[in-house]
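Hello,

I am passing a structure on to you, together with some notes on what turned up in it. Have a look at it first, and then read on.

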Amino acid sequence: MASSELPLLQDSDSELDQSLTTLENFLSLLGFCHYTYLRATLSWLAFFLFAVALPLFSIEFLRCAQCDKFEIETFELDILVSRAVAAAVSLLCVSRNLRKYGIRKALFVNRRHGHMAQFRKQYIHKIGVFYYLLTSWFGICFVLKASREIAQLMYLHHGPWWLSFILFFVRLFSWSYTTLVFLSGCALFHLVGNLQIIHFENYGKFLERDLDVSVYIEEHMNLAYELSKISHRFRIFLLLEFLIITASQIMALLQATENQGIINFINGGDFAVLSIVQLVGIVLCLNAAAKISHRAQSLGSIASRWHALVTCNSNDVPGSGILDNSGNAEVCPRAGSLSVNYSESDLESDYMSLPENVHMTSSTSSYNRRQAFVTYVQSNTGGFTIFGWVIDRILINTIFFTELSLVFFVLGKTITITIR
């Protein structure tokens, strides 16, 4: 490497380290970094204070008000439980990964080769996307929540105004904390998926290098191994969040359909805000998992295309093209241009180079090695799995129709139409 390129690489390293440090500080502010027992204890104490104690205090205060006609107390406890449990799962799973692996290994930034010159800018960009998704969705939900709290403050005001304003800010702060904890965990999993997708998308450029087939197979095995580790570390998080959110939505549906009173924005607005927050979180997780699976499954077609281009341009085959039915020559495309618009890979081979006479000893041997490689990739598509279930479009469609059937079942048990 030229000496003039060293300062650029060092600047990129420092910029990436700064981005990771900023992200770690942000997660520490929310209580995710349980690097010591003291920090873990303080984090859980803060969680129980802000996510449980303060909301319970506000519910008790509202119960003392003259607001029976709004029936707010019938909804608040269920909303509190759903919001706190979802945030607790996010805090528990993410903090465990950070404590065990650190910020770099938890995000799978440390590659086996260690040369990430061309990945660094993409890493920094994806970290920026993490902040963008978190702030945008939190901002939208915050506006909805603040509007609901203002409406409740205006219509259910009792006692001194200063006490009502304190209660307003306490409820808004508690909601903001639990929502940020939940959405941060989901957005962090989305970030892990985006960072891993970078390497899958660069695998097409990696195939354009004049390397031995065994190198391509080993690199694919490394990608599959990284993907299996991501599945192992986050499957419990994704499964628990999905079950909690499903139970929460069914509970909200039962509360809304079985309630005999009037449901309006004041007493039922929190159900809408809770549903939006939870659906945003689970969509972020499913989107990242499905994108990883689709990128992994697309490697089979990329390898097949590479095999076809190399075969057509092989120097061992007489002629530069093939004849069609009319006798005209059809020139094969160049093997060095796979039509993949991905960023270039920085993976420099650390393997021992084979003797030069191995690659061109026989066209049949070379073809068979490439065919074996294509067969291997197509037979090991992989993807993000939850105990063997690959999250892709098929599974997401199955989940959607299962949830829709469950919703219709609940509606059929709670809503009746009387025909006179």
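Which element gives the largest share of the lining of the second largest pocket? Helix H8 does, with 11 residues. Before going further into that pocket, let me introduce the model as a whole.

**The chain and how far to trust it**

Please keep in mind that this is a predicted model. The protein chain has 420 residues, and 44% of them are buried. It holds 11 helices and four strands. Among contacts between residues at least 6 apart in sequence, 85% join residues at least 24 apart.

The mean pLDDT of the chain is 78, with 75% of residues reaching 70 or more. Residues 1-6 have a pLDDT below 50, and this stretch makes two contacts in the model beyond near neighbours in sequence. Residues 316-362 also stay under 50 in pLDDT, and for them the model has 80 contacts beyond four places in sequence. Where pLDDT is low, the predicted coordinates should not be read in detail. I would ask you to view those 80 contacts of residues 316-362 with that in mind.

**The pocket**

Back to the second largest pocket, whose volume is about 590 Å³. It is lined by 27 residues, and the closest to its centre are Ile 245, Gln 249, Leu 279, Ile 282 and Glu 403. The elements that give two or more residues to this lining are H7, H8 and helix H11, which spans 393-414. By type, the lining divides into 19 nonpolar residues, six polar and two charged.

**Three buried residues in H8**

Helix H8 also holds three residues that I looked at one by one: Asp 270, Gln 278 and Ser 293.

Is Asp 270 buried or exposed? Asp 270 counts as buried because its relative accessible area is 3%, under the 20% cut-off. Leaving aside residues up to four places away in sequence, Asp 270 touches Glu 76, Ile 79, Lys 145, Arg 148, Glu 149 and Arg 171.

Gln 278 has a relative accessible area of 2%, so it is buried as well. Beyond four places in sequence, its contacts are Ser 82, Ala 86, Phe 182, Ile 245, Ser 248 and Gln 249. Two of these contacts of Gln 278, Ile 245 and Gln 249, were named above among the residues closest to the centre of the pocket. The C-alpha atoms of Gln 278 and Phe 242 are 9.3 Å apart, with their positions 36 residues apart along the chain.

For Ser 293 the relative accessible area is 0%, and this residue is therefore buried too. Its contacts beyond four places in sequence are Gly 383, Phe 384, Val 390, Ile 391 and Asp 392.

**The nonpolar cores**

Phe 384 brings us to the largest nonpolar core, which has 62 residues; Leu 107, Phe 189 and Phe 384 are the ones that touch the most other members. The elements that give two or more residues to this core are H1 (6-29), H2 (37-63), H3 (73-106), H4 (120-155), H5 (161-201), H7 (213-258) and H8 (265-312). H5 gives the largest share, 14 residues.

What does Leu 107 touch? Not counting residues up to four places away in sequence, Leu 107 is in contact with Leu 20, Leu 23, Leu 188, Leu 191, Val 192 and Leu 195. There is also a second, separate core of 19 residues, and it includes Val 215, Ala 303, Trp 306 and Phe 373.

**Two more places to look**

Ala 187 sits in H5 and is buried, with a relative accessible area of 2%. Beyond four places in sequence, Ala 187 touches Phe 130 and Leu 284. Its C-alpha atom is separated by 9.3 Å from that of Val 129, 58 residues apart along the chain.

Finally, Phe 108 lies in the loop between H3 and H4. Most residues other than glycine have a negative phi. Phe 108, although not a glycine, has a positive phi of about 60 degrees. Phe 108 is also buried, with a relative accessible area of 5%.

Happy exploring, and best wishes

Technical notes: Residues are numbered from 1 along each chain as its sequence is written. This is a predicted model: local features need pLDDT of at least 70, side-chain atom pairs count only at pLDDT 80 or more; totals for chains, interfaces and linings use all residues. Side-chain values use heavy atoms; hydrogens and water are left out. A nonpolar core is a set of buried Ala, Val, Leu, Ile, Met, Phe, Trp, Tyr and Cys residues joined through side-chain atoms within 4.5 Å. Buried means under 20% relative accessible area, exposed over 50%, partly exposed in between (1.4 Å probe, protein chains only). Contact means heavy atoms within 4.5 Å. On a 1 Å grid over the protein atoms alone, a cavity is a set of points where a 1.4 Å probe fits but cannot get out, and a pocket is an open set with protein on both sides within 12 Å along at least five of seven lines; lining residues have an atom within 4 Å of a point. Grid points are joined across faces, edges and corners, and a volume is the space filled by probe spheres set on the points. Ala, Val, Leu, Ile, Met, Phe, Trp, Tyr, Cys and Pro count as nonpolar, Asp, Glu, Lys and Arg as charged, and the others, Gly among them, as polar. pLDDT is the predictor's confidence in each residue, from 0 to 100.
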